Amino acid sequence: MARRRLRGWNPPLENINALVASGGPRLLARARELVVTNGYAANACEAFAANLVGDGIKPSSLIEDAALRDRVQRLWLAWTDEADADGLTDFYGLQAMVAREMFVAGECFVRLRPRRAEDGLLVPVQLQLLQSEMLPFEKTETAGNGNRIRCGIEFDGIGRRVAYHFRRRHPGDSTDQGADIPETVRVPAADVLHIYRPIDAGQIRGLPHIAPAMVRLFLLDQYDDAELDRKKTAAMFAGFITKTAPEEPMMGEAEADLDGAAIASLEPGTMQVLLPGEDVKFSSPADVGGGYEAFQYRTLLAVSASLGLPYHLVTGDVRQANYSSLRAELVEFRRRIGQLQHGVIVHQLCRAVWQRWLETAVLSGALDADPAEVRPVQWIPPRWDWVDPLKDIQAQVLAMEAGITSRRKVVEATGYDVEEVDRENAADAARATGLGLRYRTSPGGTQGARATPATRAEPGDGAGNNTDGGADATDPATEQE
């Protein structure tokens with residue numbers, strides 16, 4: 001490592017907290033501008049949020065008492081519409097906003113705001129989202145009580161988070177003007193959720209997910225803009241006329257402008273006769289070149305790898321994709337997303353909100369139960385759309401028949417609660433029976449390409465063996481009709 005080839009490679013041995021503290025504000029400003037102005041970055045941000053939370057990571061209560069479980073689930077569903085302190089979306093919309101902030105800023109803060117009984121909420125608690133800029137990176141000092149404050153986060157003597165020192169106003173919002181007040185306010189850590197992906201041990205602030213791809217995206221955007229401007233110039237057909245006798249006007253020549261330059265128009269079907277010594281030269285700007293497409297592909301491929309997103313999700317380009325390549329990259333991508341879903345969104349956001357919501361619901365009288373009794377819950381991420389639905393469903397059916405997995409796991413993989421699905425199936429079957437309706441398949445019955453008749457015909461039996469003279473009931477063609 002000390003030889004000639006690597007002698008100039010001397011990176012500083014700095015902790016990630018020191019790097020984020022020194023370059024955090026600039027990195028954050030660049031990331032936000034890039035996601036707003038760069039099409040690839042904006043598309044990648046939406047793809048990241050859509051795959052991470054989709055239409056919401058939803059709870060499925062594990063309470064054994066069916067009646068109590070149903071009350072808890074119904075109360076939660078009703079409260080999700082009131083969860084946003086700003087009233088702009090529901091709890092699952094807040095999850096999507098948190099996912100976008102993780103992509104852009106690497107972190108997001110959620111403040112649990114208790115409300116008064118007269119506010120009219122089903123459960124008197126709401127969630128307020130705070131951007132990363134609200135917690136100053138430069139606030140590193142010793143508090144009056146002897147605790148250490150690092151990048152706006154206050155730690156006690158054994159390293160536990162005890163408070164966050166938030167700004168009262170966003171530093172970049174010039175529309176928020178008011179009376180002079182202290183710059184920061186101390187908020188207890190019990191009322192704040194810090195959502196970020198810890199990359200290194202001891203990391204205290206988040207790193208933007210887009211950070212590894214920022215340089216390439218910025219330079220590629222400048223290159224594309226220059227190429228676009230060059231093509232615009234190339235589309236401007238222009239000719240330059242050289243005359244030995246400038247005082248003699250040409251056909252179609254207009255009067256000279258203030259700078260003394262005259263312009264001659266070119267009309268369709270015109271045959272211009274030039275005088276001896278006159279010459280016409282046309283502009284021929286350089287073309288993009290044959291390597292443009294290959295260069296763009298390789299650069300965007302590197303950008304996609306830096307973001308950890310499939311190439312087609314970043315660019316929307318599926319020309320060079322096929323079934324096998326799409327499935328291979330989606331399997332790996334879903335592993336990464338599943339890691340973020342359970343290790344970050346569920347662990348840091350969903351579980352903490354569920355616990356505070358239950359405690360508040362019991363204390364306010366909205367729910368009559370023991371908080372410890374109703375706390376067990378599992379969180380169901382949004383379903384993954386199948387690349388080949390028929391093969392995937394057949395594989396799941398075979399796995400259930402072999403006892404490799406349970407029906408609950410298969411249903412939850414679709415993003416639904418198995419008990420809710422069972423109730424709907426039972427209600428559908430009862431309604432169909434009450435109305436005298438009969439369908440080819442019933443809820444829970446085998447259907448699709450693997451459907452088989454209830455009785456198998458003996459060899460040699462045909463339609464003539466039926467007592468009613470009709471078609472054989474086991475004939476697939478007749479069944480299809």
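# Exercises on a predicted model

In this predicted model, the side chains of Arg 115 and Gln 126 are joined by a polar contact of 2.9 Å. Let us start there and work outwards.

## Exercise 1: Around Arg 115

Task: Find where Arg 115 lies, decide whether Arg 115 is buried, exposed or partly exposed, and list its contacts beyond its sequence neighbours.

Solution:

- Step 1. Locate the residue: the loop between strand 2 and strand 3 holds Arg 115.
- Step 2. Check the accessibility. The relative accessible area of Arg 115 is 28%, so Arg 115 is partly exposed. The value falls between the 20% limit for buried and the 50% limit for exposed.
- Step 3. Collect the contacts. With neighbours within four places in sequence set aside, Arg 115 is in contact with Ala 85, Leu 121, Pro 124, Val 125 and Gln 126. For Gln 126, there is also the side-chain polar contact of 2.9 Å.
- Step 4. Look further along the chain. Thr 360 is 245 residues from Arg 115 in sequence, while their C-alpha atoms are 9.9 Å apart in space.

## Exercise 2: The sheet of three strands

Task: Work out the strand order of the open sheet of three strands, name its edges, and find which helix packs on the sheet.

Solution:

- Step 1. Read the order: the strands are arranged 3-2-9, and the pairing is antiparallel.
- Step 2. Identify the edges. Strand 3 (125-130) and strand 9 (192-196) each pair on one side only.
- Step 3. Add the twist, which averages 25° from one strand to the next.
- Step 4. Examine one pair. Strand 2 (residues 107-114) and strand 9 run antiparallel and are joined by five bridges. Phe 109 has His 194 of strand 9 opposite it.
- Step 5. Bring in the helix. Helix 8 packs on this sheet and touches strand 2, strand 3 and strand 9. The direction of helix 8 makes about 160° with that of strand 9.

## Exercise 3: Helix 3 against helix 8

Task: Classify the crossing of helix 3 and helix 8, then describe the residues that make the contact.

Solution:

- Step 1. Take the geometry. The axes of helix 3 (residues 66-80) and helix 8 (residues 323-364) come within 12 Å, crossing at roughly 105°.
- Step 2. Classify the angle. Since 65 to 115 degrees counts as roughly perpendicular, helix 3 is roughly perpendicular to helix 8.
- Step 3. Name the partners. Helix 3 contributes Val 72, Leu 75, Trp 76 and Trp 79, and helix 8 contributes Val 353, Trp 354, Trp 357, Leu 358 and Ala 361.
- Step 4. Sort them by character: nine are nonpolar, with no polar and no charged residues in this contact.
- Step 5. Follow the chain past helix 8. Asp 370 lies in the loop between helix 8 and helix 9 (371-374), and Asp 370 is partly exposed, with a relative accessible area of 43%. Asp 370 and Leu 358 are 12 residues apart in sequence, with a C-alpha to C-alpha distance of 9.1 Å.

## Exercise 4: Arg 32 and Glu 101

Task: Place Arg 32 and Glu 101 in their helices and say what each residue touches.

Solution:

- Step 1. Assign the helices. Arg 32 belongs to helix 1 (residues 16-37), and Glu 101 to helix 4 (residues 91-104).
- Step 2. Test for burial, which needs a value under 20%. Arg 32, at 18% relative accessible area, is buried, and Glu 101, at 12%, is buried.
- Step 3. List the contacts of Arg 32. Beyond four places in sequence, Arg 32 touches Glu 101, Val 104, Ala 105, Gln 131, Ser 132 and Glu 133.
- Step 4. Do likewise for Glu 101. The contacts outside its four-place neighbourhood are Arg 32, Gly 106, Glu 107, Cys 108, Gln 131 and Ser 132.

## Exercise 5: The sheet of five strands and Cys 151

Task: Give the order of the open sheet of five strands, then find what stands out in the backbone of Cys 151.

Solution:

- Step 1. The order is 4-5-6-7-8, with antiparallel pairing.
- Step 2. At the edges, strand 4 (141-142) and strand 8 (184-188) each pair on one side only.
- Step 3. Five bridges link strand 7 (residues 161-167) to strand 8 in the antiparallel sense. Phe 166 stands opposite Val 185 of strand 8.
- Step 4. Cys 151 sits in the loop between strand 5 (148-150) and strand 6 (153-155), and counts as buried at 5% relative accessibility.
- Step 5. Cys 151 has a positive phi, near 55°, although Cys 151 is not glycine. Most residues other than glycine have a negative phi.

Terms used:
Residues numbered from 1 in each chain as written. Predicted model: local features only at pLDDT ≥ 70, side-chain atom pairs only at ≥ 80, totals over all residues. Heavy atoms only, no water. Axes fitted to C-alpha atoms, helices over the stretch in contact; angles between N-to-C directions. Helix = DSSP H or I, 4+ residues; strand = E, 2+ residues; numbered from the N terminus. Parallel < 35°, antiparallel > 145°, perpendicular 65-115°, else oblique. Contact = heavy atoms within 4.5 Å. Nonpolar A, V, L, I, M, F, W, Y, C, P; charged D, E, K, R; others polar. Pairing = 2+ DSSP bridges. Buried < 20%, exposed > 50% of the residue type's maximum accessible area, 1.4 Å probe, protein only. Polar contact = N/O pair within 3.5 Å; in protein donor to acceptor, adjacent residues only side chain to side chain.
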